[in-house]
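Visitor: Could you take me through one part of this one up close? I'd like to hear about the sheet and whatever goes with it.

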Amino acid sequence: MSILKELRQTTQHLRKVREPHDPDAPLLRTEHLSLAYETVPALVDINFQLQPGDRLAIVGPNGAGKSTLLKIIAGVLEPNRGKVFIYGHEPGGHICVAYVPQRNQVDWRFPVTVGDVVMMGRVGQMGLLRNPSARDWELVHHALEVVGMESYAGRQISQLSGGQQQRMFIARSLAQEAELMLMDEPLTGLDVKSQEDIFNILDNLQKQGVTVLLSLHDLDIAAKRFNLVMLLNKKMITMGPPEVALSPEKLVEAYGGHLTLIDTPEGVMPVADSCCGGGEE
């Protein structure tokens, strides 16, 4: 999709009247989220909550519903059943939620600059038809500075590396003044240095109370870099600290069959061997 289409999808649900934050409510709470595509279940009865500053890795096999869950929380998809609450209210009343799609879903040939994309994070604050103010540009330049991309503001997005693309999207979230960042497979295809750059930025954001939900495949990164891990396979198998959530029993329940962990260029990946009875691919 084009950058502009992605922007419309992630902002069209926002209402002009903003809901206040309930200080006694968790930042994020889901209740019985379920969604089916035609007759095929994608998510079944998902219940969990997060507090400000949490960092949650969502892991599970391909087709487990990781992207679907993030899109429902962002307000891009409507569940068949259940609700999402951000600080006690449904997500349509909030502009503090930023969604970063998978990079392969974006048309990087679209003729916009890095600064243009980061300014898109201000649309929820200023409205689609208003020109950016000096304050809006100040926030954009500050966001680019935080992610080490200020000198790239005028560069076309087609000229960015994979790591730079992700840093640009994080800058857009910062310009949006997001308190909850939803990142769909942001590490895929990045080298170790680029991954380390992303986590250095996320570490600083966590200290500022920004909450991050990130889907990924690498169990080793999930264990080392996140205070919370969710094992998902259409239903939530478990959620908790990595040493609890990534137990052998829970991994087998999530991935099925005889689970094997292998080293790949993208990290430690689980492989489920279903040849001996009932496992999933």
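Guide: Sure, let's start with the sheet: it is open, built from three strands in the order β2-β1-β4, with antiparallel pairing. Strands here are DSSP E runs of at least two residues, helices are H or I runs of at least four, both numbered from the N terminus, and two strands pair if DSSP finds at least two bridges between them. The edges belong to β2 (40–50) and β4 (81–86); each has a single partner strand, so one side of each lacks a neighbour in the sheet. From one strand to the next, the twist averages 20°; axes are lines fitted to C-alpha atoms, for helices over the stretch in contact, with angles from 0 to 180 degrees between N-to-C directions.

Look at β1 (residues 28–37) next: seven bridges join this strand to β2, and the two run antiparallel. Within that pair, Thr30 sits opposite Phe48 of β2. Packed on the sheet is helix α2 (residues 66–74), which touches β1, β2 and β4 and makes about 60° with the direction of β2; a contact means heavy atoms within 4.5 Å.

A word on confidence: this is a predicted model, where local features need pLDDT of at least 70 and side-chain atom pairs count only at 80 or more, while totals for chains, interfaces and linings use all residues. Residues are numbered from 1 along each chain as its sequence is written, and side-chain values use heavy atoms, leaving out hydrogens and water. The protein chain has a mean pLDDT (the predictor's confidence in each residue, from 0 to 100) of 84, with 81% of its residues at 70 or more.
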